[in-house]
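Me: Please take me through a few features of this model, one at a time. I would like the reasoning along with each result.

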Amino acid sequence: MAINFPDSPVNGQNATLAGKLYTYNSAATSWLLSTAGSDVATAVAALVDSDFIAARVDPSSSNASDTAPTSPSHGDLWFNSTDASLNVYYNDGSSSQWVAVSGPNGAAGSNGTDGTDGTDGSDGSTVTSYANYAAFPSSGNAVGDMVFDLALKMGYMWDGTEWDKFSGKTAATLSSVVPASYAGTTGQSITINGTGFVVGDVIDFVTADTSSVHRASSTSFTSTTQLVAVTPQAFTVANGPLTIRHTSGTVVVDLAAVVSTGASPVWTTAAGSLGSFAKDATLALTVVATDVDAGQTVTYAGVSGDLPPGTSISSAGAITGAVTTASISSNTTYSKTVKASDPIGNFVNRIFDITILNQFSALYTFGSAVFNDGGIRGSVGPSQAQAIAALTITGYSAWKNDTSLFQVTNGIQRWTVPEDGTYRIQADGAANVSSQGGYGASIRGDFALTNGEFLYMIVGQRPNGTVGAEHSGSGGSFVVKETGAASVVGDILVIAGAGGSGHQAGFDNSISSANATANGNPGSDGSANASLAGQPGTNGSGGADNASGGGGGGGFLTDGGVFSTMVSTAKSWKNGGAGGVRDANYRGGFGGGGAHGNTHGGGGGGYSGGGGSIASPYVGGGGGSYNADVSSGNQVNTAGLTAQKQVGQITITKIA
């Protein structure tokens, strides 16, 4: 049944309804509940039946303010913000009013009866004090046991295997380390000096480049002012300088960047070129770096780039191998980056260059050589032994005994160029003064020659006899890159013409001496009477003869002329260069010397042959000359003079 509040109450009027005491507050125009539960629904249920409350109590109809809402409806809620009371607007059928369902807490009630005592807990661990860490018990301990070090004022707890410090005095200090620099190797002992060290402290090594932390393989307690830690691994220069980290319990102290980790190797071999080598060379080079850290061996490896094909570098720094670039057509430089490393990983790179030249290795070191006639006379050239005996050599000379380097065939001497370079070659044609003839020319030039090239030479010889009746011409001196029928003018280096022969004492004549130019000189009367023979050779041809006159000298391209009663004509270079032969007694000099005629002098050999004489004073003409050096500025072209050499000769000197 619904509660019915008194009509027209006055301030302070009380009413007991449904076992609850209410007091009317005229200022709030509300019945205030003196003793109300915390549950709003319970208080409301005491005012209205449950069906009504279910229909009317709507939290959305709640208000909070200092004064009661106007025009409330039955069941509305109002929170009085002045006294923190909750009120419901209630119509009891005869009156409507605000009724407080909760309010300020009342006075505290009396204490209730004490509850039953709980079960006692287990006893806590006790702490035992010892004079120092060394006195701590090492057996019979239980996990959690605690001890106290009186000397260091430190507390420790047993973790099952060792005593761990958990409390104590202030953090240790770190002052210095020894050594402050080392090679960076594993197992290095580092002494740490400071204060406040205790047993159980640990040391870490912290790298400078990556801040990686590496626990010492062991940390030994020496005293409260010194620890010794052992490096657990190798450290490179880049890792250093290392920071020493000291940990004691939970306290961490760093001594920053105090241990340098050695030095990288230092190159002693200069960067850049290691040299230039022939394309068939076998290399045997070594690059070297040193390590300032004692006891460390430097090793080497190629990093990038190329070495010459066929070569490699060893871990000892040796660059070896036979170059396999024999087919290259130009000088080529190979660059290789080489790394020099120490055992702990410190390294330094250096770039080296090796140039492979477009040339073969020197066969030997050459200075100079003079190829003489060796005193040999007549139409046939020297044998191998005679040519060797006639040589004058400066420097290495064993090459003369190696037929692959020096060989004589039919009097023509083949010499192998030993190394690339510039060579000065001088040829002197043979003179004929013993037969009242002329002198040979002297021709010199500088030439770039290549290792392995062949040079073919005829050293001009004098005529066969020395008696006054021998009037054959002398032979010219030839230096040519090809021999025989295959040779062409372009193969010539130098040719020095030889002197033609006189007839008898007192008949020397300038026409019998050799020219420094290409054409030979005519034999006597040869130019005066064009209808007769005895004309000089020109542009590489042999000189002419006539009837019983002297034989013409041989040229480079063609033989000299000869009358019918002679055994053979003077031969050109292309035909072997033999001197002309009249009979067993009268033979021109090797190198194209024309044969003696019937009291008539023979022409001298050369690039172009001298003409044979046909009339008084019966003097054969001197030969012509040739010099392929037209650009060096060092060429010498001298015609036959009384100051010239009397014998044929060729001199070769390496000048660059």
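The questions and answers below concern a predicted model.

Me: Is serine 625 buried or exposed?
Reply: Serine 625 sits in the loop between β37 (492–496) and β38 (626–627). The cut-off for buried is under 20% relative accessible area. Serine 625 has a value of 2%, so the residue is buried.

Me: Which backbone atom does the side chain of serine 625 reach?
Reply: Beyond four places in sequence, the contacts of serine 625 include Ile495, Ala496, Gly497, Asn515 and Tyr607. One of these residues, glycine 497, offers a backbone atom to the serine 625 side chain at 3.0 Å. That atom is the backbone nitrogen of glycine 497.

Me: Which strands are the edge strands of the open sheet with the order β30-β29-β40-β33-β34-β39?
Reply: The sheet has 6 strands with antiparallel pairing. An edge strand here pairs on one side only. That applies to β30 (391–395) and β39 (636–638).

Me: What is the bridge partner of glycine 421 in β34?
Reply: Strand β33 covers residues 421–428 and strand β34 covers residues 442–449. The two pair in the antiparallel sense over 8 bridges. In β34, the partner of glycine 421 is leucine 449.

Me: Which residues touch the most other members of the largest nonpolar core?
Reply: This core has 28 residues. Elements that each supply at least two of them include β29 (366–372), α3 (384–390), β33 and β40 (649–654). The residues touching the most other members are Phe371, Trp399, Trp415, Ile425 and Ile652.

Me: How many residues are in the second, separate core?
Reply: Its members include Ala281, Ile319, Val323 and Ala340. The total for this second core is 19 residues.

Me: Which residues do ring pairs link into a cluster with Trp415?
Reply: Outside its neighbours within four places in sequence, tryptophan 415 is in contact with residues including Tyr364, Phe371, Trp399 and Tyr423. Ring pairs join these residues and others into a cluster. Linked with Trp415 are Tyr364, Phe366, Phe371, Tyr396, Trp399, Phe406 and Tyr423.

Me: What kind of aromatic pair do phenylalanine 136 and tyrosine 156 form?
Reply: The model has 26 aromatic pairs. In the pair of phenylalanine 136 and tyrosine 156, the ring centres are 5.2 Å apart and the planes stand at 70 degrees. Planes over 60 degrees apart count as edge-to-face. The pair is therefore edge-to-face.

Me: How many residues apart in sequence are the parts that this pair ties together?
Reply: Both phenylalanine 136 and tyrosine 156 are buried. Phenylalanine 136 lies in the loop between β8 (127–130) and β9 (146–149), and tyrosine 156 in strand β10 (residues 154–158). The parts tied together are therefore apart in sequence by 20 residues.

Terms used. Residues numbered from 1 in each chain as written. Predicted model: local features only at pLDDT ≥ 70, side-chain atom pairs only at ≥ 80, totals over all residues. Heavy atoms only, no water. Helix = DSSP H or I, 4+ residues; strand = E, 2+ residues; numbered from the N terminus. Buried < 20%, exposed > 50% of the residue type's maximum accessible area, 1.4 Å probe, protein only. Polar contact = N/O pair within 3.5 Å; in protein donor to acceptor, adjacent residues only side chain to side chain. Contact = heavy atoms within 4.5 Å. Pairing = 2+ DSSP bridges. Core = buried A, V, L, I, M, F, W, Y, C linked by side-chain atoms within 4.5 Å. Phe/Tyr/Trp six-rings, centres within 6.5 Å; stacked < 30°, edge-to-face > 60°.
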